[in-house]
Amino acid sequence: MNVKCKLCKSQDTIHFISSFDYRLDSSKKKFDLYQCKNCWFVFLNKIEKNAYKYEGSFFTKLDILSKVNHFFWERKINKVINDLKIEGPINILDYGCGTGGFIKNLKKNNHINAYGYDPYLPNDDKFLKNNLKDFNIKFKIILMMHVLEHLDDIDHEINNICNLLDKNGIIIFEVPTLECIEFKFFKKYFFHLDLPRHLNFFNKSNIGLVFKKKFNFYEISNGYTFLLAPFSPIKSSIKISKKELIKKIFSYIFFVPFLIMNIFKFKNSYFSGIVIKNDN
């Protein structure tokens, strides 16, 4: 039975792949992804309440890799500010900030007022909120670092973000994609499937449907993060069934090529973009 596409609303959809929660083992259920034959969007149709939550401890570990990635995101943000000649002080919101680790880095810049939002924050304060209605300011830049893939009601969230953005405000986003060699190899074991927490899988063509006429694209690229889960091929390999021993062996052999693809962003497992609110 076909299900309606969450992105373009077409009824022309097909079953894409079935998989399990191989990443965190939070559930033993099988999850089915569907693909729209009109826009090629891939999505999880049946969503369990709170199934896409991460435990609080998931965000508390700020390792060396996270710090490296924060450095490259800061560099990208500064480049956008300089290229678009944005004058400070600049209000920036990290939408889906976890426990706010990246906010602490941004606060070191005297020209930036950094805030964070995450619906699962146990407590909030002046700068970190768990309810969007608690913000009484507008933001020039909103960061959505690996957020769009978690949204159940995409249109609703984008409307909320529009209301938070200043005139000609900017969204900088990054999302995982299945249009990569790594997914073609690992299929249901692919680390970045991350079911049932990842609900949506975009490509560079259909991501435009998320922003529609409310935004203009400024840039789209193979990713701003320097390294995203560089050991994901190893993590994917661990979950491969013993019956697929040959595939498991090959996955270890090809770990280095997969790592190089991520470093140099060649057919890597995520892509990024910048959109500007259309207030003209």
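How many of the residues of β4 are buried? The answer is 6 of its 6, so this strand is mostly covered. Everything in these close-ups comes from a predicted model.

**View 1. Strand β4 and its partner β5.** Let's stay with β4 (90–95) for a moment. Ile-90, Ile-92 and Asp-94 point one way from the strand, while Asn-91, Leu-93 and Tyr-95 point the other way. Both sets are buried. That split fits a general habit: side chains in a regular strand alternate between the two faces of the sheet. Next door, β5 (residues 112–117) pairs with β4 in the parallel sense, over 6 bridges. To find your place in the pairing, look for Ile-92, whose bridge partner in β5 is Ala-114.

**View 2. The open sheet and the helix across it.** Here we pull in 7 strands, ordered β6-β5-β4-β7-β8-β11-β10, in an open sheet with mixed pairing. The edges are β6 (128–129) and β10 (215–221), each pairing on one side only. Elsewhere in the sheet, β7 (residues 139–145) and β8 (residues 165–176) run parallel and are joined by 6 bridges. One handy landmark is Ile-142, with Ile-171 as its bridge partner in β8. Helix α4 (residues 154–164) lies across β4, β7, β8, β10 and β11 (270–277), and it runs at about 140° to β8.

**View 3. A cis proline and two positive phi values.** Now for some backbone oddities. As a rule, most residues other than glycine have a negative phi, and most peptide bonds are trans. The bond from Leu-195 to Pro-196 is cis, with omega near 5°. Pro-196 sits in the loop between α5 (181–186) and β9 (200–201). Lys-187 belongs to the loop between α5 and β9 too, and its phi is near 50°, a positive value in a residue other than glycine. Lys-187 counts as partly exposed because its relative accessible area is 39%, between the 20% and 50% cut-offs. Lys-85 also has a positive phi, about 55°, without being a glycine. You'll find Lys-85 in the loop between α2 (64–83) and β4, where its relative accessible area of 69% makes it exposed.

**View 4. Two buried residues, Thr-177 and Ser-232.** Thr-177 lies in the loop between β8 and α5. Its relative accessibility is 5%, so it counts as buried. Who surrounds Thr-177? Beyond its neighbours within four places in sequence, Thr-177 is in contact with Phe-190, Phe-202, Asn-203, Asn-268, Ser-269, Tyr-270 and Phe-271. Ser-232, in helix α7 (residues 232–239), is buried as well, with a relative accessible area of 0%. Again setting aside neighbours within four places in sequence, the contacts of Ser-232 are Glu-182, Phe-191 and His-192.

**View 5. A nonpolar patch on the surface.** Leu-245, Ile-246, Ile-249, Phe-250, Ile-253 and Phe-254 form this patch, with about 590 Å² of accessible area together. Ile-246 is part of helix α8 (residues 245–253) and is exposed, with a relative accessible area of 61%. If you're coming from the previous view, Phe-254 is your link: Thr-177 and Phe-254 are 77 residues apart in sequence and 20 Å apart in space, C-alpha to C-alpha.

Definitions and conventions
Residues are numbered from 1 along each chain as its sequence is written. This is a predicted model: local features need pLDDT of at least 70, side-chain atom pairs count only at pLDDT 80 or more; totals for chains, interfaces and linings use all residues. Side-chain values use heavy atoms; hydrogens and water are left out. Helices (H or I, at least four residues) and strands (E, at least two) are DSSP runs, numbered from the N terminus. Buried means under 20% relative accessible area, exposed over 50%, partly exposed in between (1.4 Å probe, protein chains only). Two strands pair if DSSP finds at least two bridges between them. Contact means heavy atoms within 4.5 Å. Axes are lines fitted to C-alpha atoms, for helices over the stretch in contact, and angles run from 0 to 180 degrees between N-to-C directions. Patches are made of residues with over 30% relative accessible area and no salt bridge: like charges are joined within 9 Å, nonpolar side chains (Val, Leu, Ile, Met, Phe, Trp, Tyr) within 5 Å. Accessible areas come from the Shrake-Rupley method with a 1.4 Å probe; for residues, only the protein chains shown count as cover. A salt bridge is a side-chain nitrogen of Lys or Arg within 4 Å of a carboxyl oxygen of Asp or Glu.
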